[in-house]
Every structure is written in C-alpha cells, then in structure tokens.
Amino acid sequence: MIHFHDYSCRYAAKNVLLRKLNLHIKPGEFVFVTGPSGGGKSTLCFSINGLIPNELQGSACEGNVVVDGVQVHETYPFDLISVVGTVLQDPEWQLVRGTVKEELTFALENMGVSADEIDRRLEEVVERVQIKPLLLRSTLELSGGQKQRVAIAACLMMKPKVIVLDEPTAELDPIGKAMVLETICELHRKWGYTIVFVDHNLDVTIPYADRVIVVADGQIIADVPPAQLYDVPDIDTWVPMPQVIELARRMGVRVTNEEQGEGDPLTVTELSAAMAGRVVPRGSSVVPLPTAGAVTPPVIELRRVMFRYRKSEEELTIKPMDLKIGKGEFVSVIGSNGAGKSTLCKLITGLLKPHSGAVLIHGKPSGHYRAEDRVRHVGFVFQNPDYQFVRKTVYDEVAYGLQIQKLDKHEIDAKVREVTALLQIDAYLQEHPHFLSRGERRRVAIASVLVMEPDVLILDEPTTGLDSVRCRELMKYLNDLWKQGRTIIMLTHDMRVVADHIPRTILLSEGQIIWDETTRDVFMKSEDVLQRYHISAPPVVELSRMLGWPAPALTSDEFVTRALSTDKSAFLAVSGER
C-alpha cells in the first residue's frame with residue numbers, strides 16, 4: 001500500500017530530515033510510528049499525504065513515495081483525498097467551517113456526494129466518535145480535545161484507504177484516548193484500513209499496533225513487532241519503556257503469543273495473567289509520596305468564585321468554588337475535556353475575571369496587582385503554545401518577559417541560555433517559533449515562563465507533544481523547582497505523570513470540584529467511579545488491583561519494592577533467579 005524507496009527530504013536551509021528511507025507498509029497494517037521530537041515523524045506523514053513536496057514551500061525530496069500505486073510527488077493532496085485521509089497534530093490547522101456539522105459535511109458536499117449518503121455517513125461517524133451533542137456548536141467554542149475529535153471525524157467521513165494520524169489523541173482525556181483508539185482499531189479490523197499512527201504515548205497505543213517503527217535523526221532505527229521492540233539494542237535511549245514492559249522486565253516476565261512469538265507483555269491483562277498467584281503481598285504497606293514540608297498559608301485562594309461564558313444557566317462553566325493552594329504545593333488538576341480546568345487557571349492568572357467571588361494571590365485580591373507584577377507571582381503556560389508567541393525568534397521569545405522587567409542584558413542572556421539548554425531548544429535560538437514542531441514549540445512556551453521564575457507556575461497540558469525522554473526531563477525539572485519551594489499547578493490528562501510525581505489531585509467536572517484529595521486516595525477509587533469522570537488509572541495501579549493488592553502502587557519503583565519485600569520466594573519464582 002505504501003512504499004518509500006531511497007527517500008530523502010529536507011526543508012530550505014535545514015539539515016536533511018529524512019535520510020534514504022526504504023519502507024514498505026502492506027494493505028491493512030496498523031503501523032505505529034514513534035521516536036524523539038524533531039526526529040522526522042511528521043515529515044514522514046506529510047510525505048505520504050502529499051503535503052511534501054506539493055504544499056510545504058521549500059521542501060525538497062529525492063527518491064520515491066508511492067501510495068496505492070500513486071506517485072505522491074506528482075499528485076496534489078486534493079487528488080489523494082480518496083486514498084489518504086489525514087488527521088494533523090494540531091486540529092486548528094484543518095477546521096475551516098463555522099459549525100461541527102458543516103465541518104463534517106464540507107468535503108463531501110464539494111465532491112458532489114448525495115445528501116442521503118452524507119446523512120448516512122454523518123450518523124455513523126458522530127456515533128462512533130461520540131460528538132453528536134457538538135454538531136450545532138461553533139468549532140471556535142470547542143476545547144482542544146473536542147476539536148481533535150471533530151478533525152478525526154471529518155477524516156473518517158471520507159472513507160479513505162489509508163489513514164495517517166499525527167498524534168491525534170494528544171489533547172484528549174484518558175477515556176477519550178481509549179475511545180478514539182478503539183474507533184481507529186475498528187476501522188482497521190472491520191474495513192481493512194491501512195493505519196499510520198504517530199504518537200509518543202506507547203503506554204496507550206503500542207498494544208494496538210501490528211508494527212512499531214522508531215524514527216530518530218531522520219532514519220528508521222527500529223521496525224519490529226511491538227513485543228520485540230525492546231529487544232533492539234539501546235532502543236530505550238530513544239524511546240523509554242512503557243510502564244507495563246518496564247514492570248515485566250524488572251520482574252523477569254516474558255510471554256508468548258501466536259502472532260508475535262516470545263516477547264514482552266503489552267497490556268496489564270497479559271502481565272497480570274503471567275504473574276497471577278506468584279507475587280501477592282501479604283501486607284498493604286505503601287511507599288509515601290514525597291512532600292515539600294508543612295503546608296503554609298495559601299498562596300492562591302478562591303472564595304466562592306463563579307464564572308460563565310454566557311448569561312444562560314446552561315453555559316455556566318465555574319460554579320461557586322472555594323479552593324486553597326499553599327505555598328510549596330504540587331497539585332494536579334484533572335478531569336474530562338470541557339470540565340473547566342483551563343478556565344479555572346485563567347481565573348487564577350487574571351486572564352478571566354470572575355462574575356462573583358474573589359481570587360486572592362498572597363492574600364491580596366488579584367485585581368490589586370498590575371499585570372507586570374502579577375506575572376512575577378503567577379506564570380501560565382497555555383495549552384496551545386502558539387497563543388503566547390509574540391516575537392520572531394526563539395531567543396527573543398524566551399527573553400521577552402525579562403526584557404520587560406528591564407534586567408541587565410548579560411543576566412538575560414545567561415538565564416535564556418540556561419533554560420533553553422535545559423529544555424534542549426538551544427539549537428533553535430534564531431529560528432521563528434512558529435516554524436518548529438509542536439513539541440518544540442511547547443518547550444519554547446514553557447521556557448518563556450520558566451525563565452521568569454514565578455512563585456506559582458501553572459502549566460496547561462505541558463507534556464502534550466513531548467516525547468517520553470523530554471517528558472521525563474521536564475518532570476525532573478519541575479520536581480526540582482517544587483523542592484526549592486515553588487508552587488506548581490499542572491493541568492493534565494497524563495495519569496502516569498500524576499501518579500509518579502504529584503501528591504495532591506483535584507478533579508473537576510462540569511465546573512465544580514468533585515475531589516480534592518491525595519493522589520493515592522484518588523486512585524484507590526473503583527475503576528467504575530474513575531471512568532465516570534473520564535479518568536483511566538495508570539498501568540501500575542491497574543496491575544495492583546488485578547493482583548489483589550489492598551492499596552495500589554503508584555510508581556514502578558514502589559511496585560517492585562513491595563513485591564520484593566513481601567514474598568521473596570514468590571518473586572524469585574517469577575524472575576527465574578536461583
């Protein structure tokens with residue numbers, strides 16, 4: 001179905017992004033493409049759908065890409081639409097109509113498809129992607145996750161032979177991710193679509209794939225069945241292990257299946273079946289999460305804060321809310337798309353003003369601070385990094401806030417170079433931020449706030465678009481800031497990040513706080529209760545439950561520690577040691 005033959009690609013004035021690729025994908029395969037940010041994954045996608053070289057100015061290619069017998073470099077994307085459907089990394093790049101319904105029907109209407117067929121496809125697609133309540137809403141009013149669902153649905157309306165998805169679940173809550181993946185898998189299994197799925201989240205995606213292709217430095221460094229991926233030497237330096245595989249390897253567990261032979265278990269179910277009856281702790285002792293010391297007076301306080309985007313009661317976003325966050329706390333805010341997480345943080349930062357109630361910063365109403373003073377106390381990293389770029393180079397973007405404060409230019413230069421080196425964007429200092437990949441742009445946005453060293457740091461989905469290595473590096477840096485006494489509030493759908501790093505968790509639903517508890521207490525709730533609020537527990541929590549542990553482990557280290565400390569003989573039986 002897809003053939004790359006000695007294919008290379010570069011953009012004007014840039015290094016080669018893909019180098020002599022030879023790749024063959026059979027009809028009906030589900031291929032998962034992963035690798036570090038900037039390694040060439042998106043370039044590979046754009047080479048399949050014809051955006052390269054036909055639409056992206058300055059792109060130059062050598063060799064051939066053939067899809068379903070069509071020479072891609074000789075065919076414009078609109079002529080490939082019945083062959084290749086595309087879901088881009090940023091849904092706002094491909095939403096062009098006023099309402100969701102108009103967006104879904106737009107392409108079919110232009111192709112002259114009958115009204116009856118359009119209605120039939122529309123009914124089928126909105127049911128599968130669960131966006132029926134959104135049909136009459138403006139695409140401008142949707143949350144990031146809702147926009148991505150609409151973009152996926154618009155692609156499915158075309159019924160192409162190949163579907164290329166560039167991180168389509170990045171903006172979705174955990175249940176949304178699972179729902180979209182199940183939808184794509186059904187398209188693959190039931191109708192035989194060829195799927196090329198690019199993503200960083202191996203924990204979620206790898207069990208669905210037929211093959212895993214790792215792209216780094218413009219080259220394919222692995223192309224294997226998922227269960228054998230980590231048999232490739234040193235592959236974990238490019239792609240850190242999903243938690244299930246990490247646990248299996250540390251516990252010495254391998255499995256065998258008919259399709260892929262011997263390899264690593266890919267799901268919690270596979271791993272728990274291999275371990276059942278052999279590692280079951282007698283006690284329920286747990287490893288406590290680290291704390292930053294005693295809770296101090298609140299640095300952020302909400303007193304009966306209420307906010308609505310419209311006057312009608314149905315559009316009420318934040319219901320009367322009370323909340324206190326102490327200095328030096330590390331807090332996650334979780335919940336489904338549209339639950340009010342971003343709105344809450346915009347109220348804290350002053351980007352939105354409450355209709356009633358008060359927001360206090362260090363005990364003073366936020367309105368008493370001038371804007372330039374407020375940013376010294378509270379820094380905010382937007383969910384969409386493009387919303388906060390105002391300068392023409394990465395260097396100037398990161399330095400902008402410091403320049404407003406009129407710091408010495410040598411101090412500014414030192415701070416900019418330190419934070420950009422930390423986030424590994426120092427090679428792009430003279431690039432325009434908008435010309436970088438989504439993951440690189442997100443790191444620029446984070447750097448522009450981190451460099452200000454605010455008392456409170458609020459991050460809206462900071463790990464979205466980051467590869468696993470850079471996600472871990474970012475979380476290590478945030479933990480260091482927290483231990484130094486900074487207050488950190490993170491909005492996230494990444495439950496593994498929450499379980500691994502964050503001691504306090506707030507769940508929002510329909511504009512109100514449902515839970516405000518320790519992270520362990522949240523994950524001790526039943527699976528049904530969590531799913532009611534679109535929360536999916538990380539693999540280590542699921543495994544703990546399946547093995548019958550009274551209190552779940554939250555991290556891989558805790559799981560192994562508890563397993564080792566309870567029944568040594570049982571552990572040795574699993575690990576094969578003597």
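**Exercise 1. The salt-bridge network**

Task: Which residues are linked with D203 in a network of salt bridges?

Solution. Start with the rule. A salt bridge is a side-chain nitrogen of Lys or Arg within 4 Å of a carboxyl oxygen of Asp or Glu. Apply it around D203. The network links D203, E246, R250, R496, D500 and D557. Then apply the rule to the whole model. The count comes to 27 salt bridges.

Two notes on the material. This is a predicted model, in which local features need pLDDT of at least 70 and side-chain atom pairs count only at pLDDT 80 or more, while totals for chains, interfaces and linings use all residues. Residues are numbered from 1 along each chain as its sequence is written, and side-chain values use heavy atoms, with hydrogens and water left out.

**Exercise 2. A bridge between distant parts**

Task: Where do R211 and E29 lie, and how many residues apart are they?

Solution. Begin with the contact. The side chains of R211 and E29 form a salt bridge of 2.9 Å, N to O. Now place the partners. R211 is in strand β9 (residues 211-216), and E29 is in the loop between β2 (16-25) and β3 (30-34). They are 182 residues apart, so the pair links distant parts of the chain. Helices (H or I, at least four residues) and strands (E, at least two) are DSSP runs, numbered from the N terminus. 

Next, check the cover. Buried means under 20% relative accessible area, exposed means over 50%, and partly exposed lies in between (1.4 Å probe, protein chains only). Both R211 and E29 are buried.

**Exercise 3. Two bridges, two settings**

Task: Where do the partners of R120–E117 and R441–D386 sit?

Solution. Take R120 and E117. Their side chains meet in a salt bridge at 2.9 Å, N to O. Both are in helix α4, three residues apart, which means about one helical turn between them. R120 is partly exposed, because its relative accessible area is 38%. E117 is partly exposed too, at 22%.

Now take R441 and D386. Their side chains make a salt bridge of 2.8 Å, N to O. This pair links distant parts of the chain, 55 residues apart. R441 lies in helix α14 (residues 438-450), and D386 in the loop between β18 (378-381) and α12 (394-404). R441 has a relative accessibility of 2%, so R441 counts as buried.

**Exercise 4. Surface patches**

Task: Which residues form the negative surface patch, and which make the nonpolar one?

Solution. First, the rule. Patches are made of residues with over 30% relative accessible area and no salt bridge; like charges are joined within 9 Å, and nonpolar side chains (Val, Leu, Ile, Met, Phe, Trp, Tyr) within 5 Å. Accessible areas come from the Shrake-Rupley method with a 1.4 Å probe; for residues, only the protein chains shown count as cover.

Second, the charges. Lys and Arg count as positive, Asp and Glu as negative, while His and the chain ends are not counted. The place of a charge is NZ of Lys, CZ of Arg, CG of Asp or CD of Glu.

Third, the negative patch. D116, D119, E123 and E127 form it. E123 lies in helix α4 (residues 115-129). E123 is exposed, because its relative accessible area is 61%.

Fourth, the nonpolar patch. V390, Y400 and I404 make a patch of about 280 Å². Y400 is in helix α12. Y400 is partly exposed, at 35% relative accessible area.

**Exercise 5. Backbone angles**

Task: Which residues are joined by a cis peptide bond, and what is phi at K20 and E510?

Solution. Look at omega. A cis peptide bond, with omega about 10°, joins I52 and P53. P53 lies in helix α2 (residues 51-54).

Look at phi. K20 is not a glycine, yet its phi is positive, about 45°. K20 lies in strand β2 and is exposed, at 54% relative accessibility. E510 is also a residue other than glycine with a positive phi, near 55°. E510 sits in the loop between β21 (504-509) and β22 (512-518). E510 counts as exposed, because its relative accessibility is 57%.

**Exercise 6. The whole chain**

Task: Why is the protein chain called as compact as a globular protein of that length?

Solution. Count the elements. The chain has 21 helices and 22 strands. Compare the radii. The radius of gyration is 24 Å, close to the 25 Å that the globule rule gives for 578 residues, so the chain is as compact as a globular protein of that length. The radius is taken over C-alpha atoms; the rule is 2.2 Å times the number of residues to the power 0.38. Finish with the cover. Buried residues make up 55% of the 578 residues.
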